[in-house]
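User: I am new to this structure and would like a close look at a single part of it. Please take the place where the two chains meet, and then say how that part fits with the rest.

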Amino acid sequence: MPRNADKTAFMQGLRLTLPFNLVIVPFALLFGVLAGEAGWDAVMALAMSVVVVAGASQFAALQLIQDNAPFIVVVLTGMAVNLRMAMYSAALVLHLGPAPLWQRALAAYVLTDQTYAIGVRHYELNPSMTPREKVLFFGGSALAIVPIWNLFTVIGAVAGRAIPPEFGLDFAAPITFIALFAPLLRSVPHLAAALVSICAALLFGFLPYNLWLILAAVLAMIAGVVVESLLERRA
Amino acid sequence: MMSNAEIWAIIVALGIGTFMIRFSFLGLIGDRRLPRLLERLLHYLPVAVLPALVTPLVLAPEATDGAFDPARALAATAALAVGAWKQSAIWAIIAGLSVLFLGLALLG
């Protein structure tokens, strides 16, 4: 019998992540529709979503395949778009590190912007959670969105009908990302980091291979820690 | 046109590649602690990476071929303001989507 706290953690992960389907659904539909337009069958579109589980990488790879880019360029670009996940992986060590290897591997498979950001926020707000509860929370969170991501990829590919751009499906992605960080803007160091992040994105946007994103993230994290230290010293 | 076999190969290779990226630290470091400074830096990761990720998508959306779009910019602002004010992701999404659809209907 699972302990009560375990079940609670799993259900909380599920419940806190379910609302994100409001934006996951249109985004998955859009990927399916674009894959369908590119001549992919539904099985192929589904396989991409199931195997890669990363919206931005999938869109980038699909575009490059359309452009007939060489194999290695498609794969490396798709990976570069996802490079921020290495940082997420490092940040999750603190919380999921004590879990058995197979659980960490499963968590890595369903590691997304959503599961990462929702997870660490919840872990920080609930410091008494055990590693096992954290894993279960993460699992509940993933279960809330990953099957929906796959399902609506298929629906998009089968429906295949071009959805007019006036529907603004493309904008589901930025809205999700904003929803993930807006609630975190509670302290001066967090605000400073976000500000540096935006400025660096504007300044270094010309850098290729998503290097601008990694650079912006590193500079913004440094800004957060520096401001935090300054405030501590003054206090 | 790429053959289906080539596309399947890309799907598999990209799947392995992105998994390795996500498994990297979780898999290799496991139960050991990261250096204290790194942990402090990573504490700010969500607010360090997501605003940068969003900035070009908001200012130069691909759907409009990179042209600034008032409806999308307003939707992003609404999501940010409401999300920060309510401390809630769901309210950010609701505000962002509402303003987006309203803006696209009125301005688009």
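Analyst: What follows goes from the contact between the chains to a pair of helices within one chain, and then to the chain as a whole.

The model is predicted. Chain A gives 76 residues to the contact, and chain B gives 64 residues. On the side of chain A that touches chain B, the largest share comes from helix 6 (residues 84-96) of chain A, with 11 residues. Sorted by class, that side of chain A has 61 nonpolar, 11 polar and 4 charged residues.

One pair of helices across the contact can be described in detail. Two packed helices are described by the angle between their axes and the distance between the axes. For helix 10 (residues 172-181) of chain A and helix 4 (residues 70-86) of chain B, the angle is about 20° and the axes are 9 Å apart. Helix 10 of chain A is therefore roughly parallel to helix 4 of chain B. Their crossing is right-handed. From helix 10 of chain A, the residues that take part are A:Pro174, A:Ile175, A:Ile178 and A:Ala179. They meet B:Ala75, B:Ala76, B:Ala79, B:Leu80 and B:Gly83 in helix 4 of chain B. The contact of these two helices has 8 nonpolar residues, 1 polar residue and no charged residues.

Helix 4 of chain B also holds B:Ala73. B:Ala73 counts as partly exposed because it has 15 C-beta neighbours inside 10 Å. Leaving aside residues up to four places away in sequence, B:Ala73 touches B:Val58 and B:Phe68. From B:Ala73 to B:Leu57 the distance is 9.5 Å, C-alpha to C-alpha, and the two are 16 residues apart in sequence.

Chain B also packs against another part of chain A, helix 5 (residues 71-81). The buried residues of helix 5 of chain A pack against helix 4 (55-66) of chain A together with helix 1 (4-29) of chain B. Buried in helix 5 of chain A are A:Val74, A:Val75, A:Thr77, A:Gly78, A:Met79 and A:Val81.

Within chain A, the axes of helix 4 and helix 5 come within 8 Å and cross at roughly 155°. Helix 4 of chain A is therefore roughly antiparallel to helix 5 of chain A. The crossing of helix 4 of chain A with helix 5 of chain A is right-handed. Helix 4 of chain A brings A:Ala56, A:Ser57, A:Ala60, A:Ala61, A:Leu64 and A:Ile65 to this contact, and helix 5 of chain A brings A:Val73, A:Val74, A:Thr77, A:Gly78 and A:Val81. Of the residues in this contact, 8 are nonpolar, 3 are polar and none is charged.

These helices of chain A belong to a chain with 12 helices and 0 strands. In chain A, 51% of the 235 residues count as buried. Among contacts in chain A with a separation of 6 or more, 77% join residues 24 or more positions apart. The C-alpha atoms of chain A fill a box of roughly 60 × 55 × 35 Å along the principal axes. Chain A has a radius of gyration of 19 Å, which agrees with the value near 18 Å for a compact globule of 235 residues.

Terms used:
Residues numbered from 1 in each chain as written. Chains lettered and ligands numbered in written order. Predicted model: local features only at pLDDT ≥ 70, side-chain atom pairs only at ≥ 80, totals over all residues. Contact = placed C-beta atoms within 7 Å. Helix = DSSP H or I, 4+ residues; strand = E, 2+ residues; numbered from the N terminus. Nonpolar A, V, L, I, M, F, W, Y, C, P; charged D, E, K, R; others polar. Axes fitted to C-alpha atoms, helices over the stretch in contact; angles between N-to-C directions. Parallel < 35°, antiparallel > 145°, perpendicular 65-115°, else oblique. Left-handed = near helix turned anticlockwise from the far one by under 90°. Buried ≥ 20, exposed ≤ 12 C-beta atoms within 10 Å, placed from the backbone. Rg over C-alpha atoms; globule rule 2.2 N^0.38 Å.
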